[in-house]
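Subject: Structure handover

Hello,

Here is the structure I promised to pass on. Please open it first, then read my notes below.

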Amino acid sequence: MNTKIIACTILLATLAASTTRAQDKSKNVEIVIDGVAGFQDTPMQPDGKWHVHDPARPQPPVVTPGTFSTQATQPSDAIVLFDGKSLSNWRDKKTGGPAPWTIDNGAMVAAKGDIQTTNELGDMQLHVEFCEPEPGQHAGQDRGNSGVFLMGQYEIQVLDCYNNKTYADGATAGIYGQHPPLANACRPPGEWQTYDIIFNVPHFNDKGEVTTPGYVTVVYNGVVVQNHQAIRGATNWKSPGKYSPHGPTGPLSLQFHNHPVRFRNIWVRPVPVVNEP
Ligand code: MG
């Protein structure tokens, strides 16, 4: 009897310890490979090739962008989310109170916390412009970090990767922790840059299982960097991504990651997805 109790206690303690280890992401050891800081003790991506935030994953090739949609005038049917003057379409993501960002010279400047739209958005065409702080300071993920979170949970990374290496799945225009961008099309800090994003929401069945993943196409400064890429689930640090069932729309959110990244000229067009041959 006592032996059984002791064995049971040891088993429970072992399970509890392994659960704690699995949840304690701070225990991962950061390593540097060829100037890129990252991790190789994080979970593997589903394709089994790379760890999440693997510094050995190839860097996106650098492509110098041309001109594209900077200060693009919105189409007549677009919903303007930020016009350079007012944060009325945005709220504090955590509290639901007024957006804590500031407005400066026609741009909104990241501060204090994440913000999200009052609009609920689903399948869409989205235009966003952003400008990295100048001069670029610090390195890796700690340099001009923000993010465009589709439905508040699928992050298209915003980062200053101009002459700044980071793990590939966390680079500018990457689907964070999942899919690196196909190219590094960064402009220098201080210059305005554009994202033109086409997003298809994921679908779930009655059991909450994914029937169609979310898909995203990202044109970054006129360069296609995500090409109808399937999203593996909600993006997260040191996580390969996991879906939780949700409805067909959700707010768009922008991340505050301790850096005063600027945004302007944000508009969106809801667009249908027609999956017929
Ligand atoms: Mg980010």
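What share of the contacts in the chain with a separation of 6 or more comes from residues 24 or more positions apart? The figure is 66%. Please keep in mind that this is a predicted model.

Overall build

The chain has 19 strands and one helix. Its radius of gyration is 20 Å, and the globule rule gives 19 Å for 277 residues, so the chain is as compact as a globular protein of that length. Along the principal axes, the C-alpha atoms fill a box of roughly 75 × 45 × 45 Å. Of the 277 residues, 47% are buried.

The metal site

The model holds a magnesium ion. Which residues coordinate the magnesium ion? There are side-chain donors from Asn145 (OD1), Glu155 (OE), Gln157 (OE1) and Gln255 (OE1). Ser146 joins them through its O atom. The distances run from 2.2 to 2.3 Å. Along the chain, the donors follow the spacing N-S-x8-E-x1-Q-x97-Q. Glu155 and Gln157 are both buried.

The pockets

Start with the largest pocket. Its volume is about 280 Å³. It is lined by 18 residues. Nearest its centre lie Val62, Cys161, Tyr162, Asn163 and Asn184. Sorted by class, the lining has nine nonpolar, seven polar and two charged residues.

Now the second largest pocket. It offers about 200 Å³ of space. Which of its 13 lining residues are the closest to its centre? They are Glu155, Tyr176, Trp237, Gln255 and His257. Two of these names have come up before: Glu155 and Gln255 also coordinate the magnesium ion. Strands β10 (154-158) and β16 (234-236) each supply at least two residues of this lining. By class, the second largest pocket is lined by four nonpolar, seven polar and two charged residues.

Backbone details

A cis peptide bond joins Glu134 and Pro135, with omega at about 0°. Pro135 sits in the loop between β8 (124-131) and β9 (146-150).

Two residues other than glycine have a positive phi: Asn221, near 50°, and His228, also near 50°. Where do they lie? Asn221 is in the loop between β14 (215-220) and β15 (223-230), while His228 is in strand β15 itself. Are they buried or exposed? Asn221 has 1% relative accessibility, so it counts as buried. His228 has 45% relative accessibility, so it counts as partly exposed.

One proline to look at

Pro55 lies in the loop between β2 (36-38) and β3 (79-82). Its relative accessibility is 4%, so Pro55 counts as buried. What is Pro55 in contact with, leaving aside its neighbours within four places in sequence? The list is Ile31, Ile33, Val36, Ala37, Gly38, Phe39 and Gln40. Glu120 is another matter. Pro55 and Glu120 are 65 residues apart in sequence, and their C-alpha atoms are 36 Å apart in space.

To find your way around, begin at the magnesium ion and its donor Glu155. From Glu155, go on to the second largest pocket, where this residue is among the closest to the centre. Then turn to Val62 and Cys161, which are among the residues nearest the centre of the largest pocket. Finish with the cis peptide bond between Glu134 and Pro135.

Best wishes

Notes: Residues numbered from 1 in each chain as written. Predicted model: local features only at pLDDT ≥ 70, side-chain atom pairs only at ≥ 80, totals over all residues. Heavy atoms only, no water. Donors = N, O, S within 2.8 Å, 3.2 Å for Na, K, Ca; no water. Buried < 20%, exposed > 50% of the residue type's maximum accessible area, 1.4 Å probe, protein only. 1 Å grid on protein atoms, 1.4 Å probe; cavity = no way out; pocket = protein on both sides within 12 Å on 5 of 7 lines; lining within 4 Å. Points joined across faces, edges and corners; volume = space filled by probe spheres on them. Nonpolar A, V, L, I, M, F, W, Y, C, P; charged D, E, K, R; others polar. Helix = DSSP H or I, 4+ residues; strand = E, 2+ residues; numbered from the N terminus. Rg over C-alpha atoms; globule rule 2.2 N^0.38 Å. Contact = heavy atoms within 4.5 Å.
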